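Student: I've got a model open and I'd like to see how its labels are earned. Can we go through it?

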Amino acid sequence: MNAALRLSLSSLRGHGRRFAGTFFAVFLGVAFLAGTLVMGDTLRAGFDTMFGEATEGTDAVVRSANVITTPGESQGVRAPVGTALVETIERVPGVAAAAPDIQGAGQLVGSDGRPVGGQGPPTLAGNWIGDPKLNAYRLAEGRAPSKSGEVVVNRGAAKKGRLKIGDTTVLRTPDPVRVTIVGLATFGGEDGMAQVTFTGMTRADAEKYLTAKPGEATGIRVRAGPGVGQEELVSALTPVLPKGVEAITGQESAQENTDMISSRFLTLFTTLLLVFSGIALLVATFSIHNTFAIVVAQRTRENALLRALGASRRQVTASTLAEASAVAVTASAAGIAGGTGIAAGLQALFPAIGFPFPEGGLVISGLSVLLPFCVGVVVCLGSALLPAARAGRTAPLAALRETAVDESGASRTRAAVGGGLAALSVGVTLTGVLLTPSLWLAGLGAVLALASFVVLGPVASSAAVRVLGAPLDRLRGVTGSLARRNALRSPGRTAATAGALMIGVAVVSLFTVFGASLKATMDRTVSHSFAGDVAVSTPSFGAGGSGLSPRLAPALARQPAVEHAVGLGRGVAEVDGEGRALTVTDPVTLGEVFDLGHVRGSLGGLGTDGIAITRQEAARRHLDTGDTTRLTFTDGRRVNFTVRAVYGRSELVGDYVITRAAWAPHRTQDADTLVAVAFEDGVSTADGKAVVRKVAERYGSPEVQTRDEYARSSAAGIDMMLTLVYALLALAVLIALLGIANTLTLAIHERTRELGLLRAVGQTRAQLRAMVRWESVLVAAFGTAGGLALGAFLGWVLVEASDGASDSSFAFALPPLRLAVVALVGLAAGALAGLRPARRAARLDVLRAIATE
Amino acid sequence: MTTATARPDAARVVDAVKVYGTGDTAVRALDGVSVGFPAGRFTAIMGPSGSGKSTLMHCAAGLDTLTSGSAYIGDTELGALDDRRLTLLRRDRIGFVFQAFNLIPTLTVAENIALPMDLAGTKGSRAWTDALVDVVGLRDRLHHRPSELSGGQQQRVAVARAFASEPDVVFADEPTGNLDSRSGQEVLGLLGRAVRRMDRTVVMVTHDPVAAAHADEVVFLADGRLVDRMENPTADKVLDRMKAFDGKGAPV
């Protein structure tokens with residue numbers, strides 16, 4: 001074995017504890033990364049199997065070829081196909097069976113009166129296909145619906161709504177339909193297609209409630225006869241299909257469904273997790289670098305002796321790097337094992353919390369092992385590189401010097417470089433935010449800001465610790481003063497230790513600030529553009545359930561207490577070849593309940609060929625009142641519309657408004673997303689709200705909210721996201737905490753004699769513990785303060801850049817309470833990190849400490 | 001100075017036994033030592049390496065515990081005290097000067113001197129501290145850090161710190177071991193002056209006959225036993241006495 005390797009191995013054996021922190025930092029980061037990858041693969045494979053099984057018997061799907069996709073939607077809207085086509089298809093040679101597939105939105109109401117689902121995944125309803133091979137759902141219990149009002153629901157939905165066979169409940173389509181559950185179904189062997197709920201009804205019911213008119217279906221499922229392949233079937237079908245209708249194989253259809261789930265849910269999910277494991281590993285970099293820097297500093301004499309005895313620079317560097325490799329490899333390997341364990345645990349946990357995790361073993365691909373392993377090793381070795389190089393540079397003379405304590409300070413160059421970076425980042429950011437709004441420039445500025453914080457850290461740490469620690473002298477006397485000065489001893493080390501926490505806190509506060517700004521934006525949106533008294537709405541987060549009955553608004557308008565009630569429905573069309581969402585409503589009274597800003601032209605006379613557009617869209621398309629524009633609907637029809645009004649504000653109303661009469665020929669299943677109600681003068685909000693609620697009860701009891709409640713609930717999804725983000729960031733903060741603890745432990749080791757002296761001259765154990773704890777809190781306070789400042793700045797940049805770069809305007813908000821909580825958590829983390837090192841320091845044997853050479 | 005016995009002992013050990021290790025590897029560092037260190041006197045503990053002189057000092061000062069026997073500071077029996085009370089006793093009633101590394105590098109000279117009082121949260125006597133600073137001659141260095149002082153200056157600060165809280169007894173463990181002879185003389189002179197002019201008590205462990213000659217009395221230890229005492233020592237007398245240990249390994 002070569003000398004360098006032998007040295008590093010013996011040193012690892014001797015001082016294994018020192019690397020415990022490094023080990024855990026790498027371990028946690030790698031485990032998170034590997035867990036994410038394994039879980040992503042497993043989920044994807046599970047969904048593949050599930051869809052494969054569920055659609056096994058479907059060999060081809062016939063559907064409209066026209067699809068209109070609006071921005072921000074992964075799945076386009078298709079026109080229906082005529083059910084009459086089924087007979088034509090059945091006559092095609094090679095076809096064994098064909099069945100219309102009618103799909104729409106249908107939200108069940110649970111036994112407690114609350115709607116089932118609707119906050120995320122879609123709530124679907126459709127016809128129950130009699131041919132079990134063509135039906136994606138299998139009957140698990142009970143029977144198929146045979147007469148109007150009977151339904152089969154998927155088992156997951158039944159469980160969530162506490163519904164059982166024989167129960168009678170309401171299905172919102174969105175008009176309430178009384179239904180009796182006669183059977184429970186499974187999808188691909190699971191309780192459901194993830195969290196999607198499904199209600200299967202008779203074909204007649206489905207046509208009645210889910211389509212605009214009878215004789216239409218979303219698609220037609222076709223089964224091939226014996227010996228006929230899927231491709232063959234599709235080629236046989238294609239000639240008999242009318243124009244605008246296409247046939248695809250069952251496999252393609254299954255793949256589309258899987259892709260949809262992947263893009264809607266899995267990709268988002270795994271990307272989010274990968275970003276956070278990246279942050280965790282970035283934080284880990286600081287901790288690892290710091291550990292090695294300290295270890296190398298402590299070993300100066302030893303390394304110098306080696307150099308004096310004839311070891312080359314390379315040998316000394318190699319010995320440190322070998323140590324780092326050993327830690328990196330073990331920690332990464334352990335991390336992969338841990339990550340696989342996490343994935344297995346989640347697989348077991350998901351069904352328990354009502355999320356049907358597709359069955360099947362864990363899918364561990366080469367990539368999900370190799371990537372985290374390489375990342376772990378690279379992060380660990382990369383962080384140890386500089387300290388190792390420094391170890392190699394040790395002068396042989398250093399062996400003769402007294403101290404072996406790292407007192408690395410802040411050089412003038414560092415201050416200059418950091419200052420330059422900071423100035424550059426501010427310049428670039430301000431340009432990107434204020435002068436020429438660009439997310440790229442703002443992003444570059446943000447990265448530069450981060451870099452300048454890291455470079456300036458040691459320069460700032462002295463000043464910051466002095467300021468932050470000033471009250472300690474008075475509060476805690478000599479104990480506090482000693483803690484403060486210990487934190488000041490090695491500005492470079494303090495900065496690196498605090499740097500890990502700083503990144504964590506910065507990301508937390510960035511999200512906090514951005515979340516608060518989004519909420520403020522929504523609040524402003526509602527208060528600016530909602531002029532009604534109460535709103536009846538569906539959950540704003542996710543698919544929104546089945547929406548609101550289009551008959552609700554007219555029913556409300558008939559109430560004596562109500563002056564105006566306007567429902568906003570949703571339609572899609574291509575405007576000049578681009579998919580756009582249309583708002584289908586009653587434009588005449590629209591202005592009474594929504595603030596549309598300045599209106600040119602008149603919303604009163606849109607008729608069936610008039611359209612109203614926002615100023616922004618009008619400008620973009622060079623349209624003005626009196627001009628015509630062509631809309632293409634999903635049914636393939638092209639209609640010319642005349643712009644009759646141009647309005648200023650679009651937040652709630654959308655960019656294009658047409659009348660219900662204009663939409664009617666092209667409609668599918670109708671639903672409103674929002675009904676705005678204005679009361680007659682003299683009607684109190686409480687009275688009016690009661691009236692509206694009473695009417696709404698007849699339409700499936702959607703939520704009735706005052707303006708403020710509506711604004712608040714619009715922002716509820718943001719809080720949910722923030723909670724998730726906080727949970728994920730806890731990992732980064734934990735790694736930072738380990739870093740602080742590790743640095744302190746190493747520092748205490750360095751100061752053994754000093755601590756011994758303090759104890760000898762009368763420092764009590766309690767005082768010693770307090771001293772170490774306060775040092776930890778001070779370092780954490782520095783990191784937290786830096787993180788808060790950086791996070792708030794980056795949050796501002798993000799908000800302003802989004803404001804400048806997108807059409808909708810963003811509000812910037814600093815939530816003082818939440819940020820105070822973040823600060824407190826940072827300080828508490830510091831106190832927590834100091835606990836163990838403090839206890840260890842206090843256990844120190846005085847005599848041995850002062851005798852230590 | 002034969003009147004010394006009239007005064008009570010500032011510190012003493014009775015039948016002190018200290019055993020390190022167990023079984024075959026057990027070493028009796030102290031083997032039944034009884035000795036008193038009278039108040040107002042400068043006592044030196046001498047003996048060859050491994051004679052147990054440092055162990056005796058550590059046990060007498062409450063830094064280490066005896067295997068059997070008892071140690072007293074004034075009338076306080078140290079064996080009866082828990083770690084906290086022992087710490088407070090060291091803080092309030094004992095001063096220390098070690099061979100090296102006596103000062104906290106982050107504190108200034110003035111802060112180092114005041115450290116025991118600051119730890120106790122008391123102010124101490126301002127006049128006394130002031131007088132001390134003048135005696136050790138460091139008035140112009142009060143706001144310097146230890147790293148800016150020479151080794152001799154650092155030890156003088158350590159001496160000032162040891163006396164600052166007016167302790168019953170100051171223990172010095174080879175205080176001149178790391179110094180050149182001139183600086184060593186200064187430090188020893190300081191210790192001697194503190195005893196004679198300010199009526200303090202000093203117990204010093206040393207292996208240097210010249211250092212021991214500054215004391216009022218020298219006690220000799222060999223193989224963990226008290227073997228001799230010498231009043232009014234001189235360097236030559238001590239050297240002769242030490243030579244007697246050499247080769248024989250046992251007292252006369």
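Tutor: Sure, starting with the contact between the chains: 21 residues come from chain A and 21 residues from chain B. This is a predicted model, so local features need pLDDT of at least 70, side-chain atom pairs count only at pLDDT 80 or more, and totals for chains, interfaces and linings use all residues. Residues are numbered from 1 along each chain as its sequence is written, with chains lettered from A and ligands numbered from 1 in the order in which they are written.

Student: What makes two residues a contact?

Tutor: Their C-beta atoms, placed from the backbone, lie within 7 Å.

Student: Which helices of chain A supply at least two residues each of the side that touches chain B?

Tutor: H12 (439–489), H21 (752–760), H22 (765–805) and H24 (846–851). Helices here are DSSP runs of H or I with at least four residues, strands are E runs of at least two, and both are numbered from the N terminus. That side of chain A divides into nine nonpolar, six polar and six charged residues. Nonpolar means Ala, Val, Leu, Ile, Met, Phe, Trp, Tyr, Cys and Pro; charged means Asp, Glu, Lys and Arg; the others, Gly among them, are polar.

Student: Why is H13(A) called roughly antiparallel to H20(A)?

Tutor: The axes of H13 (residues 491–529) and H20 (residues 716–750) of chain A come within 9 Å and cross at roughly 170 degrees. Angles over 145 degrees count as roughly antiparallel, so H13(A) and H20(A) earn the label. The axes are lines fitted to C-alpha atoms over the stretch in contact, with angles running from 0 to 180 degrees between N-to-C directions. The residues of this contact divide into 16 nonpolar, five polar and two charged.

Student: How do you know that the buried residues of H6(A) sit on the same side?

Tutor: The buried ones in H6 (residues 230–237) are A:Leu233, A:Val234 and A:Leu237. They cover an arc of only 100 degrees around the axis, so they lie on the same side of H6(A). The arc is taken from the directions from the helix axis to the C-beta atoms. Buried means 20 or more other C-beta atoms within 10 Å of the residue's own (exposed: 12 or fewer; partly exposed: in between), with C-beta atoms placed from the backbone. In chain A, 51% of the 853 residues are buried.

Student: What makes S1(B) and S2(B) a pair?

Tutor: Pairing takes at least two DSSP bridges, and nine join S1 (residues 9–20) to S2 (residues 27–38) of chain B, so these antiparallel strands qualify. One of the bridges matches B:Lys18 with B:Leu30.

Methods. Parallel < 35°, antiparallel > 145°, perpendicular 65-115°, else oblique.
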